[in-house]
Structures are given as structure tokens and as C-alpha cells.
Amino acid sequence: MNSYLVAFGIGISAAILSILLYLLWPRPKKNKATSASPDIDLAAIAEKKSMEVFNDSFREELRNRGRLHFEKVISENALFLQQDLRLTTSELNTFMKDEIQKVLKDEFSKYEASITSARDIALESIKKTQEVIDQQRTQLEQQMNDQAAEEKQRLIDRFEKNMADILNHYILDAIGGEIDLTDQLEYIFQSLEENKKAILEDVKNGA
Amino acid sequence: MELKMPMTIATKQDILRIQREVRDYDVLVVQNNVRKTATQSPIPLSAGLKDLVQLNQINLNEKNVSKKLIKQLEKTLKQVILFHMSFATEPSDDVNQKLIAWFRKEVDPKILLNIGIQPTISVGAVLRTNRTQYDFSLRKHLQNSQKDLVKALRGE
């Protein structure tokens with residue numbers, strides 16, 4: 001709005017200045033010999049009179065007045081222009097400030113939304129990874145437990161299968177040559193008695 | 001008439017050794033007869049031969065008795081029932097005699113034992129006839145008792 005007023009003021013000033021310049025601009029003198037008619041003489045007289053009225057000092061006076069008026073108008077318009085410029089600058093600053101704040105707010109909102117989204121995605125990813133790790137850990141634990149149980153059972157089975165040899169080995173190591181055959185006779189005779197029937201059968205069948 | 005085997009003759013090697021001893025004795029008797037020294041220096045006999053002649057009431061100084069005994073021993077060798085018995089260590093003579101006594105009393109009087117050493121037996125013995133092997137070792141005993149041992153280990 002202010003810019004329109006400034007332009008209007010400048011336009012008015014330019015129009016006034018144009019009229020003054022037209023009026024005050026010196027005109028060329030016409031040749032008397034060429035004006036033979038009475039109308040032409042009247043015109044010449046009128047021109048002469050006007051030249052007498054608008055003499056140089058008057059013209060100078062008008063010129064000074066015009067100059068002063070022009071300077072006044074220019075000064076006023078410059079003042080208006082300055083005020084308008086300040087107002088416009090202030091409004092522009094406010095506008096820019098508001099716009100920048102709005103834009104920044106929007107951008108920050110988007111940025112915050114983006115950060116939130118990224119955080120949610122990261123949290124979701126971490127959560128899934130954690131779940132997968134937990135699942136794998138559980139599977140691994142179960143697998144290790146199974147393997148341990150299997151190994152334990154295998155060792156027990158092997159121990160039980162070879163128990164006689166193992167015990168015999170340890171007994172042999174423990175007693176070494178300490179047991180005399182005389183001490184074993186009772187056990188040997190007991191075994192012979194238990195197998196006496198079979199031995200007799202062997203003898204009968206040609207041992 | 002069959003020879004009665006004393007407990008001191010327990011193995012085939014014992015009979016072979018007695019055979020050699022009787023043969024040597026016969027040679028010595030002949031030599032003594034030639035030298036006329038039989039009554040002056042009696043020939044020492046091993047325990048096995050001494051028991052053998054006492055059990056069978058044989059006088060080795062009689063003529064041809066030695067040769068007859070050698071033949072009887074050869075015949076006995078063909079008739080004997082030979083068992084093999086293995087132990088962790090070399091059994092003493094006392095153990096041998098007790099074992100042979102049991103076999104001759106409970107199974108057959110013609111039984112002889114071949115004794116072997118098998119350190120893996122550790123405790124007990126392994127008897128082998130020509131038909132069967134009887135494992136009286138501790139290992140076999142433990143193997144037979146495996147189920148009981150497992151039960152005992154599991155606290156059942």
C-alpha cells in the first residue's frame with residue numbers, strides 16, 4: 001500500500017514539474033517581415049506583451065519558486081519514502097522472520113518426525129535382532145544341553161560296557177602281585193565246583 | 001595194571017621227567033651192578049619218583065622193573081586226560097597239588113595239568129579242556145556281574 005502511495009506522489013511531482021518546464025521554457029522569436037496580416041500582428045503584439053509580463057526576472061522568480069517547490073515535494077516524498085521504506089523493511093523483517101520461523105518449524109517438525117521414524121525403525125530392528133539372538137541363544141543352549149546329555153550318556157554307556165575291563169584294570173593296578181594264588185584257591189575251587197558237571201561232561205566226551 | 005599217579009606228578013612234564021629219571025636210574029643200577037656198589041651208595045630219587053614207586057609198590061632195583069615202568073609211563077602218557085590251566089603268576093607246588101588232587105578226585109584220576117602264565121587274568125584262573133574254555137578270572141566274574149554293577153552304580 002505504501003509503495004503505491006510513493007509511486008503516486010512521484011507521479012504527481014513529475015506532472016507538476018512537466019507543466020512548469022513547459023511554461024517556463026523560452027520560445028523562438030518570429031520574423032516581422034513575414035507577418036503581413038493584422039491577425040499576425042496581433043499575435044505578435046500579444047507575444048510581445050507576454051514577453052514583457054514574463055520578463056527574465058519574473059521567469060527567474062518562477063524558476064526559483066518552482067525549484068523550491070520541487071525541492072519541497074522531493075523532500076516530502078523522500079521523507080515519505082524513507083518512512084515507507086522503514087515500515088516496509090520492518091514489515092519485511094517481520095514477514096521474513098515469521099516465514100523463516102514457519103519454514104524452520106515445518107522443517108524441524110519434519111526432521112523430528114524423520115528422527116522419530118528412524119528411531120522407531122532402529123528400535124524395531126534392535127528388537128527383532130534381540131529376538132533373533134534370544135532365539136538362537138535358546139536353540140544353541142538346547143543344542144549344547146542335548147549334546148552334553150548325549151556325550152554323558154555315551155560315556156556312561158561306554159563305561160558300563162567296558163566296566164569289567166576297567167574295574168579289572170584298576171584292581172590289577174591296585175593289587176599288583178600282592179595276592180598269592182593260595183588266597184585265590186577258594187574262589188577257583190568254588191568256580192570248579194560250579195562247573196564240575198560240564199567238566200565231567202567234557203571228560204566223558206573225550207577230553 | 002594201571003599206574004596210580006601221586007599228587008606230586010601233576011603235569012605231562014612231570015611224567016616225562018620221571019621217565020628220564022627212571023632211565024637214568026636204570027643205567028646207574030646197571031653201572032652199580034658192574035661195580036658191585038649198589039648197597040654202598042643208594043641212588044637218590046626225586047619226590048615224584050619216590051611217591052610213584054611207593055604208591056605203586058615198585059622196587060626199582062628189581063630186574064627189568066625200570067624198563068617196565070618206563071613203558072607204563074609211556075602208556076600212561078597216552079591215556080592221560082590233559083587239562084590246561086592258566087594263572088596270573090606261577091603257582092606253587094602246593095597249589096598245583098591241591099588242584100590236581102581235586103581234579104583226580106572229583107573228575108578223573110588220569111588227569112594231568114599243563115600250567116600256563118597269563119598276566120591279564122590278574123585274579124582267578126582259566127581252565128581249558130579240548131572242548132571248552134572255562135574262564136574263572138575276575139574279569140569274567142565282573143563281566144557276568146555287569147548288570148548288578150550298573151544297578152549298584154545307578155543306586156537302583
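# A chat about chain B

Visitor: In β3(B), which residue is the bridge partner of Met85(B)?
Guide: This is a predicted model, so everything here is read from that prediction. β1(B) and β3(B) run antiparallel and are joined by four bridges. In β3(B), the residue bridged to Met85(B) is Leu127(B).

Visitor: And which residue in β4(B) does Leu127(B) stand opposite?
Guide: β3(B), residues 125-128, also pairs with β4(B), in the antiparallel sense and over three bridges. Val126(B) stands opposite Asp135(B) in β4(B). For Leu127(B), the residue opposite in β4(B) is Tyr134(B).

Visitor: How many residues are in the hairpin link that joins β3(B) to β4(B)?
Guide: These two strands pair over three bridges, antiparallel. The hairpin gets from β3(B) to β4(B) through a link of four residues.

Visitor: Let's zoom out to the sheet. Which strands of chain B stand at the edges?
Guide: The sheet is open, its four strands come in the order β2-β1-β3-β4 (chain B), and the pairing is mixed. Each edge strand has a single partner, so one side of it is left without a neighbour in the sheet. The edge strands are β2 (111-117) and β4 (133-135) of chain B.

Visitor: What does the twist average from one strand to the next?
Guide: We're still in the open sheet with the order β2-β1-β3-β4 (chain B). Going from one strand to the next, the twist averages 20°.

Visitor: What pattern does chain B follow along the sequence?
Guide: Chain B has six helices and four strands to place. Read along the sequence, they give α-α-α-β-α-β-β-β-α-α.

Visitor: Now the inside. Where does the largest nonpolar core lie relative to domain 1 and domain 2 of chain B?
Guide: This core has 34 residues, and Met85(B), Phe103(B), Leu113(B), Ala125(B) and Leu127(B) touch the most other members. Elements supplying at least two residues each include α5 (181-194) of chain A, as well as α1 (12-35) and β1 (81-87) of chain B. Domain 1 (12-78) and domain 2 (80-149) of chain B both give residues to the core, so it lies between them.

Visitor: Leaving aside neighbours within four places in sequence, which residues is Leu113(B) in contact with?
Guide: Leu113(B) is one of the core residues that touch the most other members. With those sequence neighbours left out, its contacts are Ala10(B), Thr11(B), Phe83(B), Met85(B), Leu99(B), Ile100(B) and Phe103(B).

Visitor: Turning to the partner chain, how many nonpolar residues are on the side of chain B that touches chain A?
Guide: 28 residues of chain B are in contact with 28 residues of chain A. On the chain B side, β1, α4, α5 (138-144) and α6 (146-154) give two or more residues each. Nine of the residues on that side are polar and five are charged, while the nonpolar ones number 14.

Visitor: One last residue: is Gln57(B) buried or exposed?
Guide: Gln57(B) sits in the loop between α2 and α3 (65-79) of chain B. Its phi is near 50°, a positive value in a residue other than glycine. A residue counts as exposed with 12 or fewer C-beta neighbours within 10 Å. Gln57(B) has 7 C-beta neighbours inside 10 Å, so it counts as exposed.

Definitions and conventions: Residues numbered from 1 in each chain as written. Chains lettered and ligands numbered in written order. Predicted model: local features only at pLDDT ≥ 70, side-chain atom pairs only at ≥ 80, totals over all residues. Pairing = 2+ DSSP bridges. Axes fitted to C-alpha atoms, helices over the stretch in contact; angles between N-to-C directions. Core = buried A, V, L, I, M, F, W, Y, C linked by C-beta atoms within 7 Å. Buried ≥ 20, exposed ≤ 12 C-beta atoms within 10 Å, placed from the backbone. Domains from an automatic or database assignment. Contact = placed C-beta atoms within 7 Å. Nonpolar A, V, L, I, M, F, W, Y, C, P; charged D, E, K, R; others polar.
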